[in-house]
Amino acid sequence: MRLGEWVWLDLANVPGVLDWVAFVLGGAGIGFTIWQLLRSRSALVAAQKALEHTQSVLIRNQLLAVLPPFSELSDRLDAAMRSNSREEAEQALSRFCYQSSEAAALLKNSGLDHTEIVQKMVVTTRAAQVARAGLFDNEEMTVADIVGIAATTIRDLGPEVHGVAVVIRNDAGGVQDVHG
């Protein structure tokens, strides 16, 4: 149909069967793409949950390995004081500082509230560092005089650390079913 030079309706440009098939396939392709995006999003959420679970299990297992030796370190420090051995005391204090710092960092990241014990660990670690620094300053003082305060705070911390280890070991919420 023409109106002067202008073509008002050109039936030669009407979509054919192949045009409609392409349109339907394109719509199906877009629908499939959206469906795949939604599936990959749910897979990402599941992967994030699995990662969080794995991290909590790793932290829990590391804590169970790090916490028990605290009483042994206290015993080693007591033996060093009895034998007046500065080297043994230095080794025990050094090991305690390392162990305590590691345990405090793991407890902070465990997802549970262990603020009180972490603060006690920090204070006790600081006391151990001060005692360790003073071990070789004054040869006339006995090891017991130098590290006595630190040894007492380490001894006091031992049962609390053991209690935390028992709670972590027996925590039923520590091992959860990822798929459930």
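1. Does Thr124 count as buried or exposed, and at what relative accessibility? Thr124 counts as buried because its relative accessibility is 5%, where buried means under 20% relative accessible area, exposed over 50% and partly exposed in between, with a 1.4 Å probe and protein chains only.

2. Please keep in mind that this is a predicted model, in which local features need pLDDT of at least 70 and side-chain atom pairs count only at pLDDT 80 or more, while totals for chains, interfaces and linings use all residues. Residues are numbered from 1 along each chain as its sequence is written, and side-chain values use heavy atoms, with hydrogens and water left out.

3. The chain has five helices and two strands, which are DSSP runs numbered from the N terminus (helices H or I, at least four residues; strands E, at least two). From the N terminus on, the order is β-β-α-α-α-α-α, and Thr124 lies in helix α4, residues 115-134.

4. Neighbours within four places in sequence aside, Thr124 is in contact (heavy atoms within 4.5 Å) with Phe96, Thr153, Ile154 and Leu157.

5. The largest nonpolar core, a set of buried Ala, Val, Leu, Ile, Met, Phe, Trp, Tyr and Cys residues joined through side-chain atoms within 4.5 Å, holds 35 residues, of which Leu67, Met121 and Val147 touch the most other members. Two or more residues each come from α1 (17-66), α2 (70-83), α3 (86-108), α4 and α5 (143-169), and α5 gives the largest share, 11 residues.

6. Again leaving aside neighbours within four places in sequence, Val147 is in contact with Leu77, Met81, Leu93, Ala131 and Leu135.
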